[in-house]
Amino acid sequence: MPLVKGVEADTKRRSHHRHHPKYEGVHSVICGENGTATCSQSEPLRVNWIGINITECRIIKYSSEERERALQLCGWGADFESNSFSKFLDRLEIDGQFPRAATIAVLNLEIRKAIRILSKGASSRSYRGSVDLNAVAMGLAGYTQEKNALWREVSSNLKSNLVDPYLRALFAFLTAEDDNFEEILNEQQIAVQDRMAFACLYLNDRKLVDFLEGLRKKMTETGNLDGILLTGLTNDGLSLIER
């Protein structure tokens, strides 16, 4: 199972953070192996869009050592020495997953990169979707944080008509109010590692633990093997595999 091997390789590489090697999953990293929240309190950071001149930024991300390890497990970790995040997006483009790559770029506050990805996808033979990516890129280029702007009204209407779950999530993030990200977190067609990574970036400590607990229970009950990245090779993970 490639996903299990990926969890093993990543956790072995990070075993120096622990007293003994464990095949950790996102849940055990954030919530502790027995489901008790043992992680340090996360630091809320007000962050800016990359490459966009917006004077007042209203976006808050959360940071901690545990969250960064979880992001690494999900493939979203910002390992600048190896440029792993950019390589991750490049692999998605090679696979023709342009909407996913563009959405992950936006969720990491890189709108300009997302526009380039969408424009590239629009002319790529490897893109198999039915959505006009050039039109999405043009819509994205007009982004504004002003709540009463026409852009937000048009984008909210556009979101409901998009068939691609990642593009719906992209506009859901840009038009979200009061940090209400339920549309993204509950979108079942978005890969579980992407939903977990997003939660690690934008949910406060209490909401993050609640989200991961609910996801763990649901995936364990249904025997969804995608949950191995969530549980790791712990007792929960073994129970999931045995179902």
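Which glycine follows helix 12, and what is the sign of its phi? Glycine 223 follows helix 12, and its phi is positive, near 70 degrees. The legends below describe a predicted model.

**Figure 1. Overview of the protein chain in the predicted model.** The secondary structure of the chain comprises 14 helices and 2 strands. The chain has 243 residues, of which 49% count as buried. Among contacts with a separation of 6 or more, 55% are made by residues 24 or more positions apart. The exposed surface of the chain amounts to about 12,800 Å², and carbon and sulfur atoms supply 47% of this area.

**Figure 2. Helix 12 and the glycine that follows this helix.** Helix 12 spans residues 205-222 and contains 18 residues. From its first C-alpha to its last, helix 12 reaches 26 Å, close to the 26 Å expected at 1.5 Å a residue. An α-helix has 3.6 residues a turn, so residues three or four places apart point the same way. The buried residues of helix 12 are Leu208, Val209, Phe211, Leu212, Glu213, Leu215, Arg216, Met219 and Thr220. After helix 12 comes glycine 223, with a positive phi near 70 degrees.

**Figure 3. Aromatic pairs, with tryptophan 49 and phenylalanine 173 in close-up.** A search of the whole structure yields 11 aromatic pairs. One of them joins tryptophan 49 to phenylalanine 173 in an edge-to-face arrangement, at 6.3 Å centre to centre and with 65 degrees between the planes. This pair links distant parts of the chain, its two residues being 124 residues apart. Tryptophan 49 lies in the loop between strand 1 (43-47) and strand 2 (59-63), whereas phenylalanine 173 belongs to helix 9 (residues 165-175). Both tryptophan 49 and phenylalanine 173 are buried. Ring pairs also connect Trp49 and Phe173 with Tyr143, Trp151, Phe171, Phe181, Phe198 and Tyr202 in a cluster.

**Figure 4. Threonine 103 in helix 5.** Helix 5 covers residues 98-107 and includes threonine 103. With a relative accessible area of 1%, threonine 103 is buried. Leaving aside residues up to four places away in sequence, threonine 103 touches Tyr166, Leu167, Ala169 and Leu170.

**Figure 5. The packing of helix 5 against helix 11.** The axes of helix 5 and helix 11 (residues 192-202) come within 11 Å and cross at roughly 10 degrees. Helix 5 is therefore roughly parallel to helix 11. On the side of helix 5, the contact is made by Arg100, Ile104 and Leu107. Helix 11 contributes Gln193, Asp194, Phe198, Leu201 and Tyr202. Phe198 and Tyr202 also belong to the aromatic cluster.

Notes
Residues are numbered from 1 along each chain as its sequence is written. This is a predicted model: local features need pLDDT of at least 70, side-chain atom pairs count only at pLDDT 80 or more; totals for chains, interfaces and linings use all residues. Side-chain values use heavy atoms; hydrogens and water are left out. Helices (H or I, at least four residues) and strands (E, at least two) are DSSP runs, numbered from the N terminus. The expected span of a helix is 1.5 Å times one less than its number of residues. Buried means under 20% relative accessible area, exposed over 50%, partly exposed in between (1.4 Å probe, protein chains only). Rings of Phe, Tyr and Trp (its six-membered ring) pair if their centres lie within 6.5 Å; planes under 30 degrees apart count as stacked, over 60 as edge-to-face and the rest as tilted. Contact means heavy atoms within 4.5 Å. Accessible areas come from the Shrake-Rupley method with a 1.4 Å probe; for residues, only the protein chains shown count as cover. Axes are lines fitted to C-alpha atoms, for helices over the stretch in contact, and angles run from 0 to 180 degrees between N-to-C directions. Angles under 35 degrees count as roughly parallel, over 145 as roughly antiparallel, 65 to 115 as roughly perpendicular and the rest as oblique.
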